[in-house]
Amino acid sequence: MQTLVAYVENKPGVLNRVSSLARRLAINIDSLTVGPTENEAIARMTIVAHTDEKGAHRLEASLEKLVDVRLAENVSGRALLERDLALIKVSADQQNRPHLMELIKVFRARVVDVAPESLIIEVSGAVEKIDGLLEVLRPFGVLEMARSGRISMTRGGDLLRPPVSAPSSELASAGSNLK
Amino acid sequence: MKLTGAEILCESLTRLGVKEIFGYPGGAILPVYDALGKSKLHHILVRHEQGATHMADGYARASGGVGVAMATSGPGATNMVTGIATAMLDSSPVVCITGQVSSKVLGSDAFQEIDITGITMPITKHNVVVSRAEDIARTIREAFIIASSGRPGPVLVDITKDAQQASAEFDWEASAPQLPPKRQRSNHDQAEFVRAVELLNSAKRPLILAGHGIMVSGAMHAFEQFVRAGNYPVAMTLLGIGCFPASDPLNLGMMGMHGEAWVNNAIQEADLLIAVGMRFDDRVTGDLRTYAKSARKIHIEIDRAEINKNVKVDAALVGDAREVLEKLTPHIVTRDHGAWIRHIAGLKGDSAVRDIQSLPDTGHLYAAHVINDLWKETHGEAIVVTDVGQHQMWEAQYYHHNRPRTLITSGGLGTMGFALPAAIGVKFAKPDAEVWVVVGDGGFQMTMSELATIVQEKINIKIAIINNGFLGMVRQWQEFFYDKRYVATPLVAPDFAALANAFGIRGERITKRAEVVPVIRSARESTETVLIDFRVEQEDSVYPMVAAGASLSDMIRRPDSPLVETATEP
């Protein structure tokens, strides 16, 4: 599994270009999240892909060839903070509810909806933590589940900023047949 | 100044230096055609939109500039798909402009509505829908930049009919390109550069693999300096042909599936491969597990995505070929490769005796004779536009190109039907050049309707049909790998000379070797288009051949030699 971060134009059709590229390269995407950044013109993607280092290099380099991608970087193997958010609806009756609450506490999850027959649990964190909670909840009966997909950020001074400078002046005269 | 979107489009194209547009009108692009009529742009009416894209592609390849194709929405746009893909696979800068239904009915399955940007997303470098007149000038300028910069490629601009009809303020200065800023990667990694220099100066058996990128980057001079500095033998990819003179003793010829035996053997024996502007295509490498096992590899390439894609390299120099070569050349100190070059020359002897040119005249007309004679008669100075198949490989083997952009051919996609329309585009890019189409009887029948375009435009192109009555390359595979079961490859064709006459073009039919030179001379003397139907040997094959997926060392050689190996299933 390889993790890539990309800064893309925040406009319609860009997600399609990115996913279409992965399809063309025969790379299966495990999760892809996209959301706006502090700069409203730019969106940030975290792409988790079923591929090896070679495939990730090709995906990264091919992504950067897309006009609407400002930067793409394979961050696998770097010091990463990774977060996934899950909402899990689990069946809960009067008998097993205390036991459930204990588990939820251990996993630092929280209950966000309570109904007579079920609870919705919200948990965020590393993928392994959510997978772990899911595993222990399974015997209670998982009724429904939604996951956000992973978002990742390199730690500390390892900054990944989108390029925002204006296009270089040579571009203004480029592309003409008047050479 | 207020102009309609259609007028803005024509004005923008004019300001970008466009002279010709290859296209076909229709409802959703009619406002543009109305404006075209009032502009100085010359519109070439094609007979099929695929032809328009190949013409724009041929124009781009011959001129080094951007070719422009135009079509209406729906079927007009979808007919362009093959031509766009052809340009994409060969990194050719083509801008395709399509009409689109009015933005008010977009998404309603209106008459002749098709999602052409969706369809062409994976086969364009970029594409875009424009639905406001005020965005047209900027978008077209951006399209030209994208198409021609970096690794070039096709860009499609889909303009809704209401955007063509609406009026907007036309201000060229204010409509400057606004492409998203890109991360600037430092192209020249110093460690890779140092490693490359070490490899160059320690190699005993170096060999250059020269590709299309040299032409695209305009690096011919820098490349020659580099070759001379290191005294390196040079092998060419199909699209690299012309970037270095065939007459130069260091030019070995074409590599790969139908490369000359000495070239492929040299690749397999080399201790250093210097790949410049090429991408280690499977037609070039054969089986990757056995490819150039004893060679270290340097890859000079503008597209990072090509690095280590097919072949793992020891030093990758990402950047424009000319810039990288200019930086490398001063560091070359080792140039004594005489023994290696003499060794490669020794490998040629065996091939010469197998050459069809060396075989006694059996009274049969071989395609190789035609192309060899064409080369001699045109002194290697013509621009030759080939289609795809056997004749394409024979042309690459027997027409020796000394100048860049004089072989125009569909390499990556291998598009049959490319030659005739592409040659029309070439002729518009180089009106004074002698342009020859070399095409098979199969491919010619795919796009021969463009003969009418030639007549309507009154242009002078020479057409040599290498007619063997088969889809020759497929037949060859059937002969080698399917026990001569010629399924769907025997091909009925019209009398091409009579067909030419029907279009108002002079047609000739040639069946004997002695007739080849006179007909070529007579065709060259004519100031009009001439079509020559060369009836060649029906079941000749292209040799040598590396079967698909086989090792470059396992070449099928021309029979009637004790050294010939038996064919193996690919």
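In this predicted model, the buried residues of helix H14 (residues 321-328) of chain B pack against three helices and three strands of chain B, namely helix H9 (190-202), helix H10 (212-216), helix H11 (220-230), strand E12 (272-276), strand E13 (296-301) and strand E14 (315-318). The buried positions in H14(B) are B:Ala321, B:Arg322, B:Val324, B:Leu325 and B:Leu328. Viewed down the axis of H14(B), these buried residues fall within an arc of 165°, so they line one face of the helix.

Another part of chain B is organised around helix H16 (residues 367-377), which packs with helix H23 (residues 516-525) at an angle of about 45°, the two axes lying 10 Å apart. H16(B) and H23(B) are therefore oblique to each other, and their crossing is right-handed. On the H16(B) side the contact is made by B:His369, B:Val370, B:Asp373, B:Leu374 and B:Glu377, which meet B:Val516, B:Val517, B:Ile520, B:Arg521 and B:Arg524 of H23(B). By character, the residues of this contact divide into five nonpolar, one polar and four charged.

H16(B) also packs with helix H17 (residues 390-398) of chain B, where the axes come within 9 Å and cross at roughly 45°. H16(B) and H17(B) are therefore oblique to each other, with a crossing that is right-handed. Here B:Ala367, B:Ala368, B:Ile371, B:Asn372 and B:Trp375 in H16(B) meet B:Gln390, B:His391, B:Trp394, B:Glu395 and B:Tyr398 in H17(B), and the residues of this contact comprise six nonpolar, three polar and one charged.

Conventions
Residues are numbered from 1 along each chain as its sequence is written. Chains are lettered from A and ligands numbered from 1 in the order in which they are written. This is a predicted model: local features need pLDDT of at least 70, side-chain atom pairs count only at pLDDT 80 or more; totals for chains, interfaces and linings use all residues. Axes are lines fitted to C-alpha atoms, for helices over the stretch in contact, and angles run from 0 to 180 degrees between N-to-C directions. Helices (H or I, at least four residues) and strands (E, at least two) are DSSP runs, numbered from the N terminus. Angles under 35 degrees count as roughly parallel, over 145 as roughly antiparallel, 65 to 115 as roughly perpendicular and the rest as oblique. A crossing is left-handed if the near helix is turned anticlockwise from the far one by less than a right angle, and right-handed if clockwise. Two residues are in contact if their C-beta atoms, placed from the backbone, lie within 7 Å. Ala, Val, Leu, Ile, Met, Phe, Trp, Tyr, Cys and Pro count as nonpolar, Asp, Glu, Lys and Arg as charged, and the others, Gly among them, as polar. A residue is buried if 20 or more other C-beta atoms lie within 10 Å of its own, exposed if 12 or fewer, and partly exposed in between; C-beta atoms are placed from the backbone. The arc is that of the directions from the helix axis to the C-beta atoms.
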